[in-house]
Amino acid sequence: MPITLNDEAAQVAFGETLGRALAGRGQVHLIGDLGAGKTTLARGILRAHGHGGAVKSPTYTLVEPYETASARIFHFDLYRLGDPEELEFMGARDMLGSDALCLIEWPSRGAGWLPAPDLEIHLQLVSGGGRRVSGTAYSQQGRAVLAAMPASLSHKEDEC
């Protein structure tokens, strides 16, 4: 059964738990409608790695890099991406291929170019302003992250 997060504070706290489980590495696709809280979740993940500043959605810049004492994190928002090949021109291959944590909002816009994720996190609006969160693992690392999360986070473990 998915986890329901009742407010923004719960969503950030969940992001912090997820961030610790990710240990500063991996490809995470954040999936949900506009306003579902993808950037709020990213803020929690960044806080888990010591980032205390603002976290804005990189809607216009496409990527926002963060350097913390424990990780290099790239927060992508591909909502305004015109063509997946644009990722090549902006040097995303180096960011995605590095030993970093990559959080990717709107990954469907980069279909055919992005590597397979380790983990997909699905966010869904629920009545009353909360969010329903579930996860799907696509790699050994993704499965380990989900195993470290609260037991009620539903997921299916696809083959690598």
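In this predicted model, strand β4, residues 72-77, is largely enclosed by the rest of the structure, because five of its six residues are buried. On one side, β4 runs antiparallel to β3 (residues 63-67), and the two are joined by five bridges. Tyr66 sits across from Ile73 of β4, and the turn of the β3-β4 hairpin takes up four residues. β4 also pairs with β5, this time in parallel, again through five bridges. Here Asp77 faces Glu105 of β5.

Glu105 turns up again when Lys38 is considered. Lys38 belongs to helix α2, and its burial comes without a salt bridge. Glu105 is the nearest side chain of opposite charge, but it is 4.8 Å away, and a salt bridge would need the charged atoms within 4 Å. What does the side chain of Lys38 have a polar atom close to, at 2.9 Å? It is the backbone oxygen of Asp33. Leaving out neighbours within four places in sequence, the contacts of Lys38 take in Gln11, Leu30, Ile31, Gly32 and Asp33, along with Glu105, Trp106 and Leu123.

Trp106, one of those contacts of Lys38, lies in the loop between β5 and β6. Its phi is positive, at about 55 degrees, although the residue is not a glycine. Trp106 counts as buried because its relative accessible area is 17%. A similar backbone question comes up at Ala23, in the loop between α1 and β2. Ala23 is not a glycine either, and its phi is positive, near 55 degrees. Buried or partly exposed, then, for Ala23? Partly exposed, because its relative accessibility is 47%.

Back in the loop between β5 and β6, Asp118 is another residue to look at. With a relative accessible area of 16%, Asp118 is buried. Ser108 is 10 residues away from Asp118 along the chain, and the C-alpha atoms of the two are 15 Å apart. The side chain of Asp118 has a polar contact, at 2.7 Å, with the side chain of Ser139. Ser139 is also among the residues that Asp118 touches beyond its neighbours within four places in sequence. The others are Gly26, Gln27, Thr136, Ala137, Tyr138, Gln141 and Gly142.

As for the nonpolar interior, the largest core holds 26 residues, and within it Leu18 and Ile121 touch the most other members. Which elements each supply at least two residues of this core? On the helix side they are α1 (8-22), α2 (38-48) and α5 (140-148). The strands are β1 (3-5), β2 (26-31), β5 (101-105), β6 (119-125) and β7 (131-137). The biggest share comes from α2, which gives four residues.

Ile121 shows how several parts of the chain meet in one place. Setting aside neighbours within four places in sequence, Ile121 contacts Leu18 and Leu41, the run Val28, His29, Leu30 and Ile31, and the run Val133, Ser134 and Gly135. A separate core of 16 residues lies apart from the largest one, with Val63, Phe76, Leu78 and Ala92 among its members.

Notes
Residues numbered from 1 in each chain as written. Predicted model: local features only at pLDDT ≥ 70, side-chain atom pairs only at ≥ 80, totals over all residues. Heavy atoms only, no water. Core = buried A, V, L, I, M, F, W, Y, C linked by side-chain atoms within 4.5 Å. Buried < 20%, exposed > 50% of the residue type's maximum accessible area, 1.4 Å probe, protein only. Contact = heavy atoms within 4.5 Å. Lys, Arg positive; Asp, Glu negative; His and termini not counted. Polar contact = N/O pair within 3.5 Å; in protein donor to acceptor, adjacent residues only side chain to side chain. Pairing = 2+ DSSP bridges.
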